[in-house]
Amino acid sequence: MNNRKASTVITGIGIICPSGVTKDIFYHSYLSNTNPVSTPKNIHLFGKDYIYAVYDIPPIEEPGIPSSLQRRMRSLSLMVVVSAWRCLQDSGLEYSKYLETMGIVMGTGWGEIDSIHSLLMQATEKSDILISPTLFHTSVHNAPAGHLGIALESKGPTLTVTQGDQSFESALSLGNLLLQSEQCPVVLVGGADTFFDLSVLEKNTNKDTLSTVSKGSCFFLLEPEKSAIERNTPVYARTVFLPSRTTQNQEQIHEYACDIKASLSEQSSGTGEPIDLVVFTGVPTSFWHIEIPLIKAILEGKSAYLIPPDTPLSRPTQTAEDFLGSLAILEKQKIPDKKILYLTNNELKDADSLEDLKTIKRILLISVSSQGTHSLFLLEKLRNRNEISSPFNDKDND
Amino acid sequence: MSQKPRVVVTGVGIVSCIGNTYLDVQKSLHVCKDGLGPVTIFSTSAIHPVGEAQIDASSDERKFRIHFLADHAIQEALLSSGLLAGSNPWQNIGIALGTCTSGMLEMEESFFHLRKGEENKVSISKPLSMGVICDDIASKYNISGRKMLFSTACSSSSNAIACAFHAIREKECNAMIAGGADALCRLTYYGFQSLKIMAENKCTPFSSTRKGMNLGEGSGILILESLDHALKRGAKIYAEIAGVGTSADAYHMSAPDPMGRGAYQAMKIALDCASILPKEIDYISTHGTGTLQNDEVETIAIQNLFDTYCHKPWVNSIKSYLGHTLGSSGAIASVCAISSLETNFIPPTLRLENIDPKCNLHHSLEKGVHENINTALVNSFGFGGNNTSLVFKKFYE
């Protein structure tokens, strides 16, 4: 049903997560497949002892944001504000010109769970009339986006969406809708989550297989390609937004693949060019019986390298890291040091070598939720970002 | 560039303390019946009245109260839209909902069980994963298209409707189930109490003696559809949604901008989107919580937008009937506004006798206003300085 849309590009990145607190550190960790170090955390809850593992991040400080503001924010809001701020810095956008119109869309699976936990503890341990008013208004899911809007003095649409382990993907699609509907000329889109002690109650507490949780925030600046060209800014990638769908059986998979192909044909600038790499993210349970048939139907016998999902999500919006990882592959033209599969003649096998992969121009990112909902994005490399001079190109090395 | 499709409302559903169907609510509004009373679904030492929905939420232990609220309204909306009777009803249909408490009530129950050392019957994480409402509803009705759950505090369901409007205009789908639901819970009851903005009696928005808000719960659902799609299948058209506007205050997490700039901006964008002038608005369903700050600031914003045109549209606050239903309030107010367009009746703001001079608007009082209503504006404002306005019109081909 989609008509051809205006082209959307990514022109800024800001990341704070266990795999890296700057883009360059993250790129290095992702491409070298270096896992963050987890630490065990002991808690005593409701009379019982629990232990779980945490991928944490070091304390954050951002000189660009007033320290008085940073002090008022809880962990999630602080990560969001700092990563979004760094994203704007990275983009080179003179955002003071966009204060009335810039969109902010944040995806979060858990929201301000930390505050909710504290509030519930107060309500049960103290009394129903003794809970903290400050804690209450920071407990809403949209508190981080609200803090970000206040910090940036941004008066455009400031939205928060939550859709389990596809919260980031949901935010990304909504960000694109804000651009396509011309509600906003640029949109800051991100995914962020933090962990909380209560989650351990449903996790395996066996010390040999500790459940691992993490925190992190990852933001991207989306804008129309035309606007990026006008302000002569480097572009990380062009993003083609493909329809999202929940599929339950082979017939639906086939129909969905047809829609994806039609959409790719309408939206992609490189129609007819191969998809070089397919990156799977999200929940790995349906990989073999749904994702592989889907990708075979989309590729129609054409060859492609595949990166399968490898680890369970340690937080709902961890998929934002895979999205950024795909940008790392496009920018650095390097495949991560992990298991790669090769689909050729409809046969799937381990990729012995990457000799057919001379350049990586197009990556199809497939995210699947535990509900069987697919979100697909095509990332296309437009030009070599490093060849274009920008005052912000070296910023990430700071 | 091809013209963007018009978007129409082809189904409505509602659950609230003044009725569990569109017609029941319409009747309650006509006889000025509020549904405010003591809270019964949890114990508390406080006495603030609430608008508690009369609905059986006990038939399935795995579901949350919000599931029952949302599902009831969605069923009514789908039935009224005629979509359930179609041969291939779910092709290219999506769902956008808004909520801010989700399964918090059940989460609290779990918490209390655990604290007492009792076995916990309910999942800890599921109640907090708000998207589960969208997932479960989509799964029940086999909706495979776009799913989106907004959590922007009190403007959540209005943002869901705004998103659905744009998704249809951008031809991402033919139709969307849009709206929201929220259930009463301790967290919001205690939380608003801690902010000292809850009234100990029934609320009186815009009154000089107003003491704050009452909380409520419920669900409001609209079926939005492109006009072509609706006409092709011969659907009844309740109204047209002509424009939406969203803005942020960038001022404070819980207090509104005292000059009402964000609220003004949201209304202005919605009118521009609908290509209509302020003087064409007949009726504004205000956010009208009954708190000192909100009512005063909303008045300033309305005056700034409409006084320039020497135009005073009728205003009321539906919250005087059913309390502030938080994330679902925008959708519930939208359903009530559509009822006003259908019946040419603007219900009065209940108990409003002494109008605050700082809230000098054209209030619907006493037994309400019977007048031809062509265009209605629905306001929703939330924590984080979130403002969303929606414009509904009588449908004319």
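Buried area is the accessible area that two parts lose on being put together, summed over both. With that in hand, let us walk through this predicted model, starting where its chains A and B meet.

Chain B and chain A bury about 5,400 Å² between them, and 63% of that area is on carbon and sulfur atoms. On the chain B side, the residues that lose the most area to chain A are B:Phe111, B:Leu187 and B:Met253, which together account for 13% of what that side buries. Counting residues instead of area, 62 residues of chain B are in contact with 61 residues of chain A.

What kinds of interaction cross this interface? The count of salt bridges between the two chains is 0, while 11 residue pairs are found in polar contact across it. Several elements of chain B supply at least two residues each to the side that touches chain A, among them helices α3 (104–115), α5 (156–169) and α6 (186–194) and strand β9 (239–248). By type, the residues on this side of chain B divide into 26 nonpolar, 26 polar and 10 charged.

Now zoom in on B:Phe111, which sits in helix α3 of chain B. Is B:Phe111 buried or exposed? Its relative accessible area is 0%, so B:Phe111 counts as buried. Leaving aside neighbours within four places in sequence, B:Phe111 is in contact with A:Phe46, A:His117, A:Leu120, A:Met121, A:Thr124 and A:Leu198.

Some of these partners lead us across to chain A, where helix α4 covers residues 113–125. This helix has 13 residues and reaches 18 Å from its first C-alpha to its last, close to the 18 Å expected at 1.5 Å a residue. Its buried residues include A:Ile113, A:Ile116, A:His117, A:Leu120 and A:Thr124. An α-helix has 3.6 residues a turn, so residues three or four places apart point the same way. Which elements do the buried residues of α4 in chain A pack against? They pack against β2 (39–45) and α5 (133–137) of chain A, together with α3 and α6 of chain B.

For a last stop, turn to B:Ile346, in strand β12 (residues 345–346) of chain B. B:Ile346 counts as buried because its relative accessibility is 0%. Not counting residues up to four places away in sequence, B:Ile346 touches B:Tyr283, B:Trp314, B:Asn316, B:Ser340, B:Ser364, B:Gly368, B:Val369 and B:Ile373. To place this strand residue in the chain, compare it with B:Lys116: the two are 230 residues apart along the chain, and their C-alpha atoms are separated by 50 Å.

Technical notes. Residues are numbered from 1 along each chain as its sequence is written. Chains are lettered from A and ligands numbered from 1 in the order in which they are written. This is a predicted model: local features need pLDDT of at least 70, side-chain atom pairs count only at pLDDT 80 or more; totals for chains, interfaces and linings use all residues. Side-chain values use heavy atoms; hydrogens and water are left out. Contact means heavy atoms within 4.5 Å. Buried area is the accessible area (1.4 Å probe) that two parts lose on being put together, summed over both. A salt bridge is a side-chain nitrogen of Lys or Arg within 4 Å of a carboxyl oxygen of Asp or Glu. A polar contact is a pair of N or O atoms within 3.5 Å; within protein, one must be able to donate a hydrogen and the other to accept it, and residues adjacent in sequence count only if both atoms are side-chain atoms. Helices (H or I, at least four residues) and strands (E, at least two) are DSSP runs, numbered from the N terminus. Ala, Val, Leu, Ile, Met, Phe, Trp, Tyr, Cys and Pro count as nonpolar, Asp, Glu, Lys and Arg as charged, and the others, Gly among them, as polar. Buried means under 20% relative accessible area, exposed over 50%, partly exposed in between (1.4 Å probe, protein chains only). The expected span of a helix is 1.5 Å times one less than its number of residues.
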